[in-house]
Every structure is written in structure tokens, then in C-alpha cells.
Amino acid sequence: MRGHELAKINPLSLPRKPPYCTVRAAQRPLLLSPEQYGFTAADLDRVYDTRVPGMQGFLSPDSPPRSLRELVRRLNETYCGSLGVEYMHISDTSVCNFIRQKLETERQYQFSRESRRKILTRIARSQLFENFCASKFATTRRFGLDGCETLIVGMKAITKRAALEGVESVVIGMAHRGRLNVLVNVLHKPMQQMLSEFQGVSGFGSSEWGNTGDVKYHLGVEFDLFDTDSQRSMHMCILPNPSHLEAVDPLVLGLSRAQQYFRKDKERSLVLPIIIHGDASLAGQGVVYETLQMCALPNYTVGGAIHLVVNNQIGFTTNPIDSGSGKYCTDIAKAVDAPIIHVNADDPEAVTFACELALEFRQKFKHDVFIDIVGYRRFGHNELDMPKFTQPLTYTLIARKKPALELYAEKLIREYQYAPQWTHLVTPDHPSPPRVTALAEIVSACPWCYAASSLLEETNPSLVGCTEQRPALSVLPSLSSRVRLSTLRDLGRRIFTIPEGFVAHPTISRIFKQRLAAVEGSEEEPSLDFGAAENLAYASLLSDGFHSAQGKNESLAAYFLCVFAFKVRLAGQDAQRGTFSHRHAVLSDQAVEAQHCIFDSLKDLRLPHKIAVCNSLLSEYAALGFEFGYSMEHPDTLSIWEAQFGDFSNGAQIITDQFIASAEVKWNRQNGLVLLLPHGYDGQGPEHSSARIERFLQLCDDREDVIHEENWELSRSSVIQQHNIQFCIDTSAGGLEDGKGLSRAACDSFSTFALLSASFLDDPACLLASASSLSRAEARLGSCLNPCCVVVPTVPSNTFHVLRRQVHRAFRKPLVVFSPKRMLRMRQAMSSLMDIMEGTRFRR
């Protein structure tokens, strides 16, 4: 139960006192001797029966009686060696028994001679890569893995075993520490490409589009890798990540969930998410807790993730005493009953065993598991830093310490009594060139083959992908997003008819009768409210191709459904009902505990995709990150995140700034995520009024189709980052007084400055009064030239069209919708079926 506190998991053997540990970890010394529990020396050879019904391991009913001396020895080997395990906080006895069964064996885990050779090979590759980069690019920041090279050993153990167990895809998220090593030695990114990036050639820049690219230790990669051991391919990707260390965590889960959907992985065993943390960020950043809380939520679970902690025992220059209040940086895992394995980074066999055990646990119980790889940071925060400024004694100790490769090679030489082929790699005084030659030989001997993969182009060749960039004007024609009138009526009857026997709330029954009358009545009558138009948009996207397939032969009908149908996911804190009781996509029975999703009425059409309308946990940061990750997987997905109030989106500002506004310009990753942000002053105070249009406009201060010379340094082939978000005002007559709307010129001349108090945009009268002043604003916000849209719909028809247009376009760009509040049921702001039927489109 407390053996982990005595385990030899710290390769530096630092004293257990501040500042080398937290205050709680140093509170009192721990004694676990037999004498403490009343035993004497005479009892050590006495045999005891430790069998307990229903238990596993040393307490198993099948376990033979043992002497106390033998029990103490095996308990020390199991729980006080290079592994320290925390699992007694877990309430599920089957989980505890599983861990006991794997750990409390007759003999400690052992690896064959061939397995040890592979482990040595992997740690050699890891260290040689760092040594090569250090000698060849001595003045370049790489945030190396020096001191925790066995992360590569653990990652390889997981991926190789995953391939053998039938895993089809591995999704990895991590910060910059060790990222280059993981890219080369786990995902096998070509060395030529990696070395080119060290020399400043990334392939992300473009003189036509002005993409900035990003530093090499932020970039991701995606490959289909063929494993020679299992003779099968496995898709592997590592997501790009900004310097916000844990920001990628929810994206990993979102992307994994989407992959599980499209792979029909209902058991959640084919897609494996892996998140690599740092010790300080794991303990200090709140998005970790938000992400962990998703692990068992029906609409968010991915069947567990494997969490690997690169524990450097320092955060930048901050000692453990100042970086956390718990005993370990992994204490947060106890909140969700996840097992924790602490392991000494200097013992690659223990790391391998821990990682294989973690994979087996995850695949069996579909739950999160943490592996705390306790190492050190041989250099400073980066290779140009001087760590002795702040940790002089620790780094004096580190300077004298042998690396893990040398320690393990010496161990094998002692055990096997011969010098293997790696001896020359661990000799300290060996000249440098042979080491570099060895690196090239090791990398070329990699047993994996790689092939670049891009799901964006594979799934829909008509999309304009990052590999085929065209001028903006050539890919932004006007797009009709209309639907046939007969289709609208059919879909409306289905989704707005409450099933017989279902007891809906009287108010909801009245609303649905009105919506049903709207779709069955005259197409010229403006009786569609915002909720009706939005739900019709979702239903039409789900069934796109179905009505076109009617009357066709079976094969042609299947083609229409596969090509034109879309997956829809809408998530938010009140998404099912809608914050303002306007959507009512999921109804609750007033008599019994039952729910009805209005889109279930489409099941008999046997559509290829479904809609998921999810009430999220009370989170913005992780919730928005999850949806961004979900939308990354497949271009035929309309992924939507709705804020409870638009103001609350600032809780996810990091996702907005670092991913939504800049993912394509930094990483060439298109994304079609939609943000619904309720906006408007409606007497609810400053906290529930403005969705801060001005902040989004500050992210879009350049026209996307123009390269401004003041931002473009041709001699250096670089460009200062330009932010590309378009602002579109809805100027259709239905939402404005007297049927008048803003001119196209006024819409095209909005400026950031004129919109610093943009909350008036929800008020049509104020909008008209301000048209003349806005038309004089000095701005460069084009009408449809920029790749990301910010729209303020004032009529339901434009909400309908902008949602459909989002996935029917030949490219994917984020969409920010400042949705109305008091206009949701305003008669003057309603639309007719004629506004969304054939021949119509989004109107400015």
C-alpha cells in the first residue's frame, strides 16, 4: 500500500526533503519493517498462510504458504524496487486484483536475451539522436530528452504491443520536451526532413499564402507504419502543439473519439490515445483536470488514455516544493481512480514492463492509466540555458551521472560476460565520428516503413487540401446551400412530430405544433424561428444524398448517401435544450425517466451518419479543445461547440488563439469547427452580454489574399504571422426594420475600431443607425476572401445556410457565429421556407 514511498524510483537519489520534493512528500519518514508490526527476528522463518478468498497475487487462494522472510523479500522486489505502484485508492476490486496478479508473481518480471537487445537498441537510438543533435547543432534549441531517454523505450513497447493486439491507430499528444526524439524514433519521421528543419527549411511557408510555419518542436506528423513483427500496418499521428504545454490534451481525446466513430470502434479497442505530460504542467495546469473528467462521460469517453509523465523533477527553474502541493505530480489521477506506476528512468526494463502493463490494463478495463517516468533534465530548460543559476547542487550531481544507455550496457556486459556490438557507443572517450556513423546505421536499420497519409485528401479529393494551395479568389465562389421544398417538409414532419405516448412539457408541445405548422403551411409565410431553422439544417445535412438517391438503383443510391451525407456533432453545456430554450433537440418525458432525440425519427432512412447532441461538462477550455480535435479527423464532419453564453468563450481563449485562429497558418491543418456564441445586451448584466466580437476581429486584421510587403521579408523567405478571420454581417431584409439592409460596401468596410463596442449588432435599429459611420471605417476585411468566417445572423434562414455551407464548401475553415438571444422567437426576425429552399443561399 505504501511501498511506492520506499521505492528506488529517483535516479538522482535526491534527499527526501524540500526543495527536492513537495512539503507533503517530506512530512514524515516511512518505516515498513516487520518489527513495526510486532514481528521479531524469530518470526522471519516461520511459515504463514496468507490465502484470502477473492484476492489475487500473494493473497490468492492458490498461493502456497510462505515464510515471513520470503514474503518480505518478494514484497520489497515488487513494490520497493525500480517500480512504485499506487492502486489502493481504486474502489473497483477487479482492477486491484488485476494489478496484484500482474505484479505479485513467483518471480520478478524478466526479459529474454533478444528482448534485452531490443531494449538496448531503442535506448541507444534515443541517446544517439540527442548526442548527434547536440554536437551538430550546438547552438540550436531542441528541448532534448537527455536524462529521460527511456521514454522512447516505453513508447516503443506500447506501440509494438499495440500492433500485435490489433490496434489500428495511435493518437499522441505531447509538449516540446523530447518531441523531436519521439518523432524520429517512434513515428519514424524521415531524418532528412528533421535535419532540414534544423537548418530552417520546414516546407510550411508559401510565398502565395504567407504561411508562417512553426518551430520544429511544435510540429506534428502522421504516418501509416508497417510493423514487421505483427505484419500489419498501424496509423500513427502526433498532433501539433503550441508552447501551451497541456493544451493538446483534449484534442487527443476529441480526435480519438472521431476516429473511433469512423472506424466503427464501439469497443474502443482499435484507437489508442497517448498523452505525454511534463511533471510541472501536469500538477499545475487546470486543463489536465478538465480533460480527465471526460474519461467516463458517455459522449466524451475514448475508452481510456495512457498518460506518460516525463518527470524531470523541475519545472523550468522551479523546484518541486514550489510546483505542487501533492505527494506526487500524478496525484490528480486519483480523482478518476486511475492506477499510477512510478518508474525509475534509469531502468529501461522496468519502463518497458510498466508500459506493457499499462497497455494491457487500458485494453482490458478501458480506463486511464498513468506512468510516471522519474528522470532528470541533463541540460537546462533548453540547451542554451544555464541551470546552475538556480539549481547548482542538483546539476553538479547530474554532471557526474552516467546516462541510462551506459548503465544498461554495462549491466548486460556484466550479466552476459561478453562485449556486445554496442560497447563502442558507451565508451566515454570514444571519438565522435563513429558515434555519428552508428546513428545513421541505427536509423537506417529501423524495422518500420512509413508512408505519408492525409485523410483530408483521401476522403474527399474535391477538397482543397494543404498540399494543393490555390489563390483565395479561385476557391471562394458563391455557394448555393438550398434544399428542395419537398425535402424540407418531409424532414420537418419527422423531427417536429412528438412520438405517440411521449409526454412532452406543454410549452414544448406548443412550440413543436407551431414548427410543424410552419413546415406544412405556405412556403411564403415567415414562421420559421431560429431553433426550427437550425434543426432543419442538421436534419438536411444528415440526409443529404438520400432524397437525391430516391428512384435510383441500389448502387447509385448508396453512392449518393456516402458522398453527400455528413456527420454532425453539437456539444455545449446546455446544447440539448439550448441556453435560451430555443433548440429542444432532446426532449424529456414528463411522466417517466425517458428522453427522445428528435433526429431519431430519421433512423428508418438508414442514413450512414448520426448526429450527437451532447450536454458537456461545465468546461470551456477542454470542451472546446475536444471539439477542435474531433473536427480534425474527417472533413465530412460538422463539429459545433456552443458556449452557454458567448462571454464564457474566454475560458477557452488558448484554444481560440493557438488552434482555431492559427492552426492552418502555422501547421497547414485545415479545420471546419463551428463556434456558437450567444451575444447581445438583454438586461442580464456584464457577464452574460457580449461575446467580445472585437477580440475575434483582432485575430483577423489582414486580408488573406494579399501579401503585404511590410510583413514579408523576401530575402529571408519568412512572413510575420497574419491572422485571417472574416467578418460577415447578415443584411437580409427579414431581420431589419422597414425591410432595409446594409449595403455590400458597408459590410465590406467594417473595421476593428468601429466594432470595439460591437454589442449593438444584436439590435437591428442600432445597426441601421450605425451603417453610415461603419461605411467610413478604414478596414481591410473582405467579404468572402478570408478563410475563417465570423458571422452575426439576424434571420433564421442565414443560420440554416451558414451551417450547411460550412461543410459543402471545397475547403475547411473555422466559423464563429454570434448567435442571437432575444431575436430567437421574435416574429419580425422569422424566415419562410422560401428563404431556405432551392435557389437560395446565405445573404449578406
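Student: Which residues lie nearest the centre of the second largest cavity, and how many residues line it?

Tutor: In this predicted model, the second largest cavity is lined by 16 residues, and those that lie nearest its centre are E534, H582, L676, S819 and P820. Its volume is about 140 Å³, and a search of the whole structure finds 10 cavities of 30 Å³ or more.

Student: What makes up the lining of the second largest cavity, in terms of helices and of residue classes?

Tutor: Two helices, α19 (530-543) and α29 (796-808), each supply at least two residues of that lining, and the largest share, three residues, comes from α29. By class, the lining of the second largest cavity divides into 10 nonpolar, three polar and three charged residues.

Student: Why is the contact between R804 and D544 called a salt bridge?

Tutor: The side chains of R804 and D544 meet with 3.2 Å from N to O, and because the cut-off for a salt bridge is 4 Å between a side-chain nitrogen of Lys or Arg and a carboxyl oxygen of Asp or Glu, the R804 and D544 pair qualifies. The two partners come from distant parts of the chain, R804 being in helix α29 and D544 in the loop between α19 and α20 (546-549), 260 residues apart.

Student: How do you know whether R804 and D544 are buried or exposed?

Tutor: The relative accessible area of R804 is 3% and that of D544 is 12%; since buried means under 20%, R804 counts as buried, and D544 likewise counts as buried. Elsewhere, salt bridges that share partners join R24, E86, D331 and K334 into one network, and the search of the whole structure finds 39 salt bridges.

Student: What makes R2 and E5 a salt bridge, and how is each of the two classed by accessibility?

Tutor: The N to O distance between the side chains of R2 and E5 is 2.9 Å, and because a salt bridge requires these atoms to be within 4 Å, the R2 and E5 pair is counted as one. R2, at 25% relative accessibility, is partly exposed, whereas E5, at 11%, is buried, because the class of buried ends at 20% and exposed begins over 50%.

Student: How do you know that R46 and D43 form a salt bridge, and which accessibility class does each belong to?

Tutor: The closest N and O atoms of R46 and D43 are 3.3 Å apart, and because the cut-off is 4 Å, this pair too is a salt bridge. R46 has a relative accessibility of 46% and is therefore partly exposed, while D43, at 10%, falls under the limit and is therefore buried.

Student: Why is C614 not counted in a disulfide?

Tutor: The closest cysteine sulfur to that of C614 belongs to C597 and is 9.7 Å away, which is too far for a bond, because a disulfide needs two cysteine sulfur atoms within 2.5 Å. The structure as a whole holds zero disulfides. C614 is buried at 0% relative accessibility, and C96 is buried at 6%.

Student: How many aromatic pairs does the search find, and why is the pair of F39 and Y48 called edge-to-face?

Tutor: The search of the whole structure finds 18 aromatic pairs. In the pair of F39 and Y48, the ring centres are 6.0 Å apart and the planes stand at 85°; because rings pair when their centres lie within 6.5 Å, and planes over 60 degrees apart count as edge-to-face, both conditions are met and the pair is edge-to-face. F39, with a relative accessible area of 28%, is partly exposed, and Y48, at 23%, is partly exposed as well.

Student: What makes the pair of F137 and F198 stacked, and where do the two residues lie?

Tutor: The rings of F137 and F198 are 4.4 Å centre to centre with 10° between the planes, and because planes under 30 degrees apart count as stacked, the F137 and F198 pair is given that name. F137 lies in the loop between α3 (113-136) and α4 (150-164) and F198 in helix α6 (residues 191-198), so the pair ties together parts that are 61 residues apart in sequence. F137 and F198 are both buried.

How values were computed. Residues numbered from 1 in each chain as written. Predicted model: local features only at pLDDT ≥ 70, side-chain atom pairs only at ≥ 80, totals over all residues. Heavy atoms only, no water. 1 Å grid on protein atoms, 1.4 Å probe; cavity = no way out; pocket = protein on both sides within 12 Å on 5 of 7 lines; lining within 4 Å. Points joined across faces, edges and corners; volume = space filled by probe spheres on them. Helix = DSSP H or I, 4+ residues; strand = E, 2+ residues; numbered from the N terminus. Nonpolar A, V, L, I, M, F, W, Y, C, P; charged D, E, K, R; others polar. Buried < 20%, exposed > 50% of the residue type's maximum accessible area, 1.4 Å probe, protein only.
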